[in-house]
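Here is my note on the model, written as numbered points. Please keep the sequence and the structure in view while you read.

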Amino acid sequence: MKANRGQIERALDAPPADVRFFLLYGPDEAGSLALAKRLERAMGPQAERIDLDGATLREDPARLSDEAAAFSMFGDRRWIRVNGMGEESVPALTALLEAEAAGNPVIAVAGALKPASKLLKLALDHKAAQAFISYQPDAREAEQIAVAIARDGGLRLSPDLARRIVGISGGDRALMAGEIEKLVLYLDAAPEQPREATAEALDALSAENPETDAVPLVNAVLGGDLKAMHRELGRLAEVGTAMASVIRPLLTRAMLIAGIRADFDRDGRLEAAVEAAGKAVFWKEKGLVSRQVRLWDAAGIARVIHRLAQAERASRSGRGLGDLMVRHELLTIARQASRER
């Protein structure tokens, strides 16, 4: 059945016996993952977690219901997390919901699903399932999320600083958490030792001030100029610039293009849409930005933002992006833009 935010939060914080399955989906995947963490906390650190994926459930549809009914070898609580769940998992979910018994809660983060999705319809229609869609937060909601994330880390965040962090991250929950985590570490904050965030600390750490001039590379990649892109990559390599550092300027420009494109699609006036962006578009680059907006439709620039955001998260997670991987991402984006020129 469809759940509102209050219902899903209460159910994840204290899983009811009559709910076997939680489906978290929608465009705000980071928001879905944050909700999934609530179930993890509710189950406790000693709980046994079973990780499955869509491919496994396609090959063995009975696996999900078997795991949901099984007992932990150590007598602890048990729960199942499904990654990458899609239409291939419908038989497995059907078996789970129709099984005679299933004592262990199952949760899946499915990303964006179409209204006609059989998986979504099954979860919405069955009383033993709860489905919740996470939308990208608006500016005010994003600021509240930033304040809450900071509070959990022992950081007091003023409205002005929350607004700046939302701007830096484009309202992406995972990127906001990354910015706030840097502040927490920088100020040595902790829940038991809270600190006041300062503009000076944010200035010192902010990704708004990249160390390298990546603007020519940004224009080459998003403008589909492969020759210029390779030239700029060579220049940055000569001065020892880490490739991961160019992701943020690219992501910032991509989000700017997305905003302008949305205005352009709404009223068909590109020049007015660029002007409405104000100081976000440097006057010398208005022509370049306008051409980039024409190259990328709404769906295309959304895919670019998704790719770059994933790369940004990976670079901040400690896994690190190798230079080769970053170059691959840039080449993929530039080739797509080149085809549209």
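**Notes on the cores and strands**

1. Leu-330 is in contact (heavy atoms within 4.5 Å) with Leu-217, Val-221, Met-229, Leu-233, Val-246 and Leu-250, when residues up to four places away in sequence are not counted. This is a predicted model, in which local features need pLDDT of at least 70 and side-chain atom pairs count only at pLDDT 80 or more, while totals for chains, interfaces and linings use all residues. Residues are numbered from 1 along each chain as its sequence is written, and side-chain values use heavy atoms, with hydrogens and water left out.

2. The largest nonpolar core (a set of buried Ala, Val, Leu, Ile, Met, Phe, Trp, Tyr and Cys residues joined through side-chain atoms within 4.5 Å, where buried means under 20% relative accessible area with a 1.4 Å probe, protein chains only) has 40 residues, and those with the most contacts inside it are Met-229, Ile-260, Trp-296 and Leu-330. Among the elements that give two or more residues to this core are α12 (226-238) and α17 (323-340), whereas α13 gives the most, with eight residues; helices here are DSSP runs of H or I of at least four residues, and strands are runs of E of at least two, numbered from the N terminus.

3. Apart from this core lies another, of 27 residues, including Leu-96 and Ala-128.

4. Strands β2 (residues 48-53) and β3 (residues 78-83) pair (DSSP finds at least two bridges) in the parallel sense over six bridges, and Glu-48 stands opposite Arg-78 in β3.

5. Strand β3 also runs parallel to β4 (residues 106-111), to which four bridges join it, and Asn-83 has Val-109 in β4 as its bridge partner.

Key
Buried < 20%, exposed > 50% of the residue type's maximum accessible area, 1.4 Å probe, protein only.
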